[in-house]
Amino acid sequence: MKILVTAKRVPDPESTIKVNSSGDGIEEAGIKWVVNPFDEIAIEEALRVKEAQGDAEVVVVSIGPSEAQEQLRTGLAMGADRAILVTGENLDTSAVAKILVKIVEKESPDIVITGKQAIDDDSNEVGQMTAQLLGWPQATFISELKIADDKSSAECTREVDGGMETISVPLPALITADLRLNEPRYASLPGIMKARKKPLEQIEAASLGVDTTPKIVIKSMAPPPAREAGRIVESVDELVTALQSEAKVL
Amino acid sequence: MSGYLFEREEHKELRRQAQRFAAAEIAPHAHEWEEACEFPRALYPRMAEAGLLGVGYSEEYGGAGGDISHALVAAEEMVLAGKSVGTVVGLGSHGIAIPPIIRLGSEDQKARFVRPVLEGRLISALAITEPGGGSDVARLRTKAERDGDHYVVNGSKTFITSGCRADFVTTAVRTGGERHGGISMLVIERGTPGFTVSRKLEKTGWWASDTAELSFQDCRVPVGNLIGDEGSGFLTIMMNFVTERLSLASQCVAIGELAYRESVAYSTQREAFGRTLGGFQVLRHKLADMATRIAAARALTGECVIRFLDGEESPSMAAMAKNTATDMCSWVCDQAVQIHGGYGYMREYVVERLYRDARLYPIGGGTREIMNEIISKVEGY
C-alpha cells in the first residue's frame with residue numbers, strides 16, 4: 001500500500017503576522033515556518049496506516065518554495081519514507097491541485113491524505129479540486145479512518161453540522177484530515193538523524209506541463225480593524241438600552 | 001537572533017520539536033506551576049514519550065542519541081517556548097545525576113537507574129553540597145562506613161534539585177580518609193531506611209523545581225550501589241562539572257534571550273508620551289545592548305561546546321563561559337524588568353520571574369568566585 005501525504009510550508013500560527021509594505025501579502029522577514037498543522041495530522045494518519053498495514057510506503061509532498069525542504073524533512077523525521085518537492089512561485093489552489101494530480105499520476109498511491117485546509121490562506125480547496133480532477137472519491141474533514149481488511153475501501157467518519165457521518169469510499173481515494181483525527185507525534189532525534197539520509201526528489205513545477213497561471217490574484221491585504229475597548233455596564237437595563245440606542249442591534 | 005554556530009539542520013528540527021512540546025505542555029501552565037512550586041510528575045513520561053528527555057544520551061541506555069549540543073538546544077527551546085525555567089531545570093536534574101553512572105557504573109546499575117530515568121519512570125538527583133560547605137568538595141563530611149554488604153551512611157546534603165521527589169540520589173560520600181582521595185559516589189534510593197527529606201527549601205527563583213535538604217541517619221545502602229571504585233568520587237564530580245557548567249551557561253543564554261524577546265514585544269506595544277517605548281532611542285539602544293551581550297555569551301558558550309565535542313575538556317574555558325553567561329543573564333533580566341516598569345515588578349509578568357531565576361546562576365554549579373579560582377589556576381597566577 002502506498003500513501004501520499006501533503007506538507008505545506010506555512011507561517012507558525014504563533015507568529016505575529018504583518019501586511020507587507022506593498023499591501024499585497026504578508027511581511028515574511030522574521031517569520032518562523034512550520035508544516036501546516038492540518039497536514040501534520042495528515043502525516044500522522046498516514047504513518048498510523050503504515051504501522052497498521054506493515055508493508056506500506058508513505059510519500060510526503062510539498063509544493064512551494066525550495067525552503068519547503070525543511071517541512072519535508074519534518075515529515076521524514078516523523079517517519080515518512082521519502083519526499084517530493086515541487087518548486088514553483090505564485091501558485092494558487094487550482095495550480096497546486098493540478099500539480100498534485102501529476103504527482104499522484106506518477107506515484108499511483110492507494111490513498112492521498114491532505115490537511116482539510118492550510119492555516120495561511122484557509123482556502124480549503126486543494127483536496128477537493130484534486131479529487132475532482134482525478135475523478136477519485138473523496139472524504140473530507142474526517143475524524144476517523146478505518147481501512148477495510150481487503151484494502152479495497154476505507155470507512156471515514158466525517159464531522160458534519162450537529163453530528164457525525166460515516167461513509168465508505170472505494171480506494172484509491174482522497175481524504176482530508178480534520179483537527180480531531182489524531183494527535184501528531186513528535187519527531188525523535190533518531191528520526192531526525194535518519195531523515196537526513198532519506199530521499200528527497202526535487203521537481204520544477206514548470207517541467208510538469210501544467211498551466212499554473214493564477215486564477216486568483218490578491219489585489220490588497222489589510223489587517224482586521226483593531227477592536228475597540230469594551231465597557232462594563234451596571235445593570236441589565238443599561239445593557240438593553242445600550243444595545244438598542246448605541247449598538248442598534250435590538 | 002540565530003542559534004549557536006555549531007547548529008546543523010538537525011538542531012533546528014530538534015528545536016522545532018522541543019518548541020512544539022513546550023508550547024503545548026508547559027507554557028499554558030507555566031505561571032500556575034511556578035506559583036505552586038511544583039509541576040506534575042506525569043510530565044517526565046510525557047517528555048520521554050516525545051523523545052526529548054533522553055536527548056544527549058545513548059540509545060543503548062534508553063536515550064534518544066545525540067550529544068551535548070543537542071541537549072543544550074533542546075533545553076534552550078524548552079525555556080523559550082515553555083517560559084518556566086523552574087519546570088525545565090526540574091525536568092533536567094538527571095543531567096547531573098546520571099552521567100556519573102553512565103561513565104563509571106556497571107551494566108546492572110545502568111539498567112536499574114539510567115534507563116528508567118530516561119524513560120521518565122524515575123526521578124533522579126545529584127547530592128554533593130552539605131549544610132557545612134558547598135564549594136569545598138574535598139572536605140565533604142557525609143560518611144559511608146562499610147559494614148558487610150552495606151555502607152552505613154550518616155550526614156546531610158542540601159540545595160538538592162529535585163531532591164524532594166527523587167527516586168534515587170547520586171550522592172557524594174566519604175568512604176576513606178580526608179581530602180580528595182576519600183570520596184566515593186553512592187546511589188541512595190528513596191525508601192532506604194534512614195534516608196529522609198528533611199526540608200523542602202524555599203528559594204528566590206526556580207520555584208517550579210523542588211529543592212531539598214536530605215538527611216541520612218544510619219542509612220544502610222547496598223555495596224552494589226557504589227559507582228566505580230571507592231575513592232573515585234572526586235574525579236567523577238570534577239568531570240561532571242564541565243558539562244554542568246556548559247549547561248548552566250546555555251540556560252543563561254536561553255533566559256537572557258527570553259527576557260529580551262519579552263522586552264522587544266513589550267516595547268513595540270506599550271505607549272508612553274504619545275509613542276511606543278521602541279520610539280525612544282534610549283530604549284532601542286538598551287535592547288541593542290541586551291542583544292549584543294546575549295550574542296557574546298552565546299558565542300563563547302558555543303565555542304566551548306565545539307571544543308568539548310572535539311575532545312578538549314577545558315575547565316577554565318567552561319568557567320569563563322559560565323561567568324560570561326551569568327553576568328549577561330543577570331544584567332539582561334534586570335534591564336528587562338526596568339523596560340517593563342511597574343509591570344516588571346509584578347509576579348504575573350514573565351520577566352519578574354526570570355529576574356529571580358537569574359540570581360541562581362552566579363551561585364549554582366560553582367560560584368562566580370570558584371570559577372575565577374579555576375581560571376586563575378589554569379592561567380598560572
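## A loop after helix α3

Let's start at Ser108(A), which sits in the loop that links α3 (93-107) to β6 (111-115) in chain A. This is a predicted model, and in it the phi of Ser108(A) is near 45°, a positive value in a residue that isn't a glycine. Ser108(A) comes just after α3(A).

## Helix α3 and its surroundings

Now step back into the helix itself. With 15 residues at 1.5 Å a residue, α3(A) should span 21 Å, and its end C-alpha atoms are indeed 21 Å apart. Of those 15 residues, 11 are buried, so α3(A) is largely enclosed by the rest of the structure. Among the buried ones are Val96(A), Ala97(A), Leu100(A), Ile103(A), Val104(A) and Glu107(A).

What does the covering of the buried residues of α3(A) include? In chain A, the elements include the strands β1, β4 (57-64), β5 (82-87), β6 and β11 (200-204), along with helix α4.

## Leu4 in strand β1

One way to look at this packing is through Leu4(A), found in strand β1 (residues 2-6) of chain A. Is Leu4(A) buried or exposed? Its relative accessibility is 1%, which is under the 20% cut-off, so Leu4(A) counts as buried.

Setting aside neighbours within four places in sequence, Leu4(A) is in contact with several residues we've already met in α3(A), including Leu100(A), Ile103(A), Val104(A) and Glu107(A). Its other contacts include Val59(A), Val61(A), Pro109(A), Ile111(A), Val112(A) and Ile113(A). As for Ala97(A), its C-alpha atom is 14 Å from that of Leu4(A), and the two residues are 93 apart along the chain.

## Helix α1

Chain A also has α1 (residues 37-53), whose 17 residues should span 24 Å at 1.5 Å a residue; the end C-alpha atoms are 24 Å apart, which agrees. Its buried residues include the run Phe38(A), Asp39(A), Glu40(A), Ile41(A) and Ala42(A), and Val49(A) is buried too. Just after α1(A) comes Gly54(A), with a positive phi of about 85°.

## Two more loops to look at

Asp122(A) has a positive phi of about 50° although it is not a glycine. You'll find Asp122(A) in the loop between β6 and α4 (126-134) of chain A. Its relative accessible area is 45%, so Asp122(A) is partly exposed.

Another spot worth a look is Pro172(A), in the loop between β9 (163-170) and β10 (173-177) of chain A. A cis peptide bond joins Leu171(A) to Pro172(A), with omega at about 5°.

## Where chain A meets chain B

How much area do chain A and chain B bury between them? The figure is about 1,600 Å², with 55% of it on carbon and sulfur atoms. Tyr186(A), Leu189(A) and Ile192(A) supply 41% of the area that chain A buries against chain B, more than any other three residues. The contact takes 18 residues from chain A and 20 residues from chain B.

There are also 4 salt bridges between chain A and chain B. Glu183(A) forms a salt bridge with Arg46(B), where the closest N and O atoms are 3.8 Å apart. Across this interface, 5 residue pairs are in polar contact, both residues being at pLDDT 80 or more. On the side of chain A that touches chain B, the elements giving two or more residues are α2 (69-78) and α5 (189-195) of chain A. By class, that side has 9 nonpolar, 1 polar and 8 charged residues.

Technical notes. Residues are numbered from 1 along each chain as its sequence is written. Chains are lettered from A and ligands numbered from 1 in the order in which they are written. This is a predicted model: local features need pLDDT of at least 70, side-chain atom pairs count only at pLDDT 80 or more; totals for chains, interfaces and linings use all residues. Side-chain values use heavy atoms; hydrogens and water are left out. Buried means under 20% relative accessible area, exposed over 50%, partly exposed in between (1.4 Å probe, protein chains only). The expected span of a helix is 1.5 Å times one less than its number of residues. Contact means heavy atoms within 4.5 Å. Buried area is the accessible area (1.4 Å probe) that two parts lose on being put together, summed over both. A salt bridge is a side-chain nitrogen of Lys or Arg within 4 Å of a carboxyl oxygen of Asp or Glu. A polar contact is a pair of N or O atoms within 3.5 Å; within protein, one must be able to donate a hydrogen and the other to accept it, and residues adjacent in sequence count only if both atoms are side-chain atoms. Ala, Val, Leu, Ile, Met, Phe, Trp, Tyr, Cys and Pro count as nonpolar, Asp, Glu, Lys and Arg as charged, and the others, Gly among them, as polar.
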